[in-house]
Every structure is written in structure tokens, then in C-alpha cells.
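Colleague: I have just opened this structure, and I would like to learn how to read its features one at a time. Could you take me through them slowly?

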Amino acid sequence: MGGILKRELIYIWYYFEVQLSQIFWYWVIGMAVGSLISVFAKDQIHAAFGKISTKRWGVFGIVPACILGIASPLCMYGTIPIAASFSKQGMRDDWLAAFMMASILLNPQLIVYSTALGSMALAVRIVSCFLCGCAAGLAVHFAYQDKTFFNFSEFEERKSRDTDPNLLLRYLKNFGRNVKATGLYFFLGVLLSALFQRYVPQEAVTIAFGGNQAWGVLMAATIGVPLYACGGGTIPLLRQWMVQGMSLGSAAAFMITGPATKITNLGALKIVLGAKKFIAYLLFTILFAFLAGIIINLFV
């Protein structure tokens, strides 16, 4: 029995080491880029978003709002206070919805992580997340034209933690917080991908998530709800699934529902949306992910 356990541990360590060597630098570079933008460009990005409130772009303002949401390096608990301040300045709810949805789904750090999935998967992730943000903005525009969608009364803008007068130390402290926030999830993701590689047959992944089957896309969209904890942690697992036969549409569905239903994001959104609109948000996310996955499998 001891010999069998030792052999299995050796196999798992081998797969872990291989997976780690293939993806480790994507994680490191992603954090480096994320910290760089957070420390030196965050204020400029949010200032640019604030300036569009003076533009008379109507519903078309959703587009730059999505782009700036993707460029923002903040988590949802950091994004909501920013959105709250813009709301007080009179910014439209549909623009805010687009900005927040895009910010939930993607950020510069996660874009770098996702390069580990290949250029096609990266392009699909960026385009699908951008379109999801636009769809969220349009949904709010048409469904809540004469009504207020968000309630930011319980949020106040948080003070920035990037205040060290030494720019190098400011950057290193931000990088350290990134490592602390994502490190455990990243290595856990690598371990899970090693376990999948060792014990889950490729045929099983292909049957569950492969082909053009709507069932596979729906399963991927659904499993993203409880499984997603951190972008850096799910990339190794998602990469392994794709190697074993997961379709690009299923991967896209997972990449939408995962961050959109991350527990910390849901906690913040529940406060600003209220119960009914929160449920509508969940249904919108799963439906968009499912339809996006089906379309991607048909045409890509």
C-alpha cells in the first residue's frame, strides 16, 4: 500500500512540476503588469472614465465604458466605490453597468494570465467579455430608462493603499499584495490540473465539455459558478481541460460565469443591486455565457 501511494505521489508531483513550469511565468508577468498599471495608471484610467460623463454619446457611451472597465486593475470592491462617486456626479446607469460588468470579467492582469491558453482563447475571452459588458449596459438602458438601477448609498470610496512616496517600494508593495492574494489559488489550481491529468481520462473531459453540444457549454457555464475563486487559480485548470478536449465555447462560458459569480464579487453586487436585480444579474450572466459558448462553437 505504501509503495502504491509513493508511486502516485511521484506521478502527481511530476504532473504538478510540468504544469508549473509551463504556466508559472504567465502568473508572474501577469502580476507584474497588473501592479504596474495599478500603481502608475489606475488614476488616469478612472479619470478618463469620469470625463466621459460630460460627453453626449447616449447609449454609445457603453463602448468606451467597457474598454475602460477592462483596463481598470481594481477588484469589484474597489470598482464599486469608484462607480458610486461617478454616479453622484451624474453618470448614466447604463454606462456604469457596462463599466462594472467589464471590470468584473477582465482586467490587464487576467489578460496576461490568459495568454497561457493560446491566442485564440485569449481573443475569445477579450471579445466575449467586452460584448458581455456592452450587453449589460444595453439591458440596463432599455429596462431601466426612467428608473434608478444602482443603490450606492452603503459604499464610500476607499483610500488608496499605493501611497508610499518611494515609487519602487510602492510598486513592490502592490506586487506583494498581488502574490498574497493570488498565490494560494494559483498553486491550488496547478495541483488540481495535475490531479485531473493523472486521474481523469481525456475522453471524460471531451464528453463533458467537448464538441458543439449545448450540454457541454451549459455544464461549463454552471460549474464556473461554484468553482471559480481566483483568475490565476483557474487558468491552469482551464488549460488542462482544453488540452483534454474542452471546446472553446465551453471555455468561454466558464470564463464568463466564473469571475461574474466569484463570491466576493457577488457579495458586493448584492448590496448595490438588491435581491430582485441581483437574481436578474445571475440569470443574465448564465444566459449570456451559454449563448456566447454556443455561438463560438458554431463559428470558431
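Modeller: What follows is a walk through charged pairs, cysteines and a surface patch, and please keep in mind throughout that this is a predicted model.

Colleague: Let us begin with charges, then: how many salt bridges does the structure hold?

Modeller: The general idea is that side chains of opposite charge can pair when their charged atoms come close. In this structure there are four salt bridges, and one of them joins Arg-92 to Asp-94, with N and O 2.7 Å apart. Another is formed by Lys-173 and Asp-164, again with 2.7 Å from N to O.

Colleague: Are the partners Lys-173 and Asp-164 buried or partly exposed?

Modeller: Lys-173 is partly exposed, at a relative accessible area of 45%, whereas Asp-164 is buried, at 14%. For the other pair, Arg-92 is partly exposed at 32%, while Asp-94 is buried at 4%.

Colleague: Which residues are joined into one network by salt bridges that share partners?

Modeller: That network consists of Arg-7, Glu-8 and Arg-198. Within this group, the closest N and O atoms of Arg-7 and Glu-8 lie 3.5 Å apart; Arg-7 is partly exposed, with a relative accessible area of 44%, and Glu-8 is buried, with 13%.

Colleague: Turning to the cysteines, why is there no disulfide bond between Cys-129 and Cys-132?

Modeller: The idea here is a distance test, because a disulfide requires two cysteine sulfur atoms within 2.5 Å of each other. The cysteine sulfur closest to that of Cys-129 belongs to Cys-132 and is 7.1 Å away, so the two are too far apart for a bond. The structure as a whole holds zero disulfides. As for their surroundings, Cys-129 is buried, at 0% relative accessibility, and Cys-132 is likewise buried, at 0%.

Colleague: Finally, which residues form the nonpolar patch on the surface?

Modeller: To read such a patch, one looks for nonpolar side chains that are accessible and lie within 5 Å of one another. Here the patch is made of Met-120, Leu-287, Leu-291, Ile-295, Leu-298, Phe-299 and Val-300, which together have about 770 Å² of accessible area.

Colleague: Which helix supplies the largest share of the nonpolar patch?

Modeller: Helix 14, spanning residues 275-299, supplies five residues, the largest share. Phe-299 is found in this helix, and Phe-299 counts as exposed because its relative accessible area is 69%, where the cut-off for exposed is over 50%.

Technical notes. Residues are numbered from 1 along each chain as its sequence is written. This is a predicted model: local features need pLDDT of at least 70, side-chain atom pairs count only at pLDDT 80 or more; totals for chains, interfaces and linings use all residues. Side-chain values use heavy atoms; hydrogens and water are left out. Patches are made of residues with over 30% relative accessible area and no salt bridge: like charges are joined within 9 Å, nonpolar side chains (Val, Leu, Ile, Met, Phe, Trp, Tyr) within 5 Å. Accessible areas come from the Shrake-Rupley method with a 1.4 Å probe; for residues, only the protein chains shown count as cover. A salt bridge is a side-chain nitrogen of Lys or Arg within 4 Å of a carboxyl oxygen of Asp or Glu. Helices (H or I, at least four residues) and strands (E, at least two) are DSSP runs, numbered from the N terminus. Buried means under 20% relative accessible area, exposed over 50%, partly exposed in between (1.4 Å probe, protein chains only).
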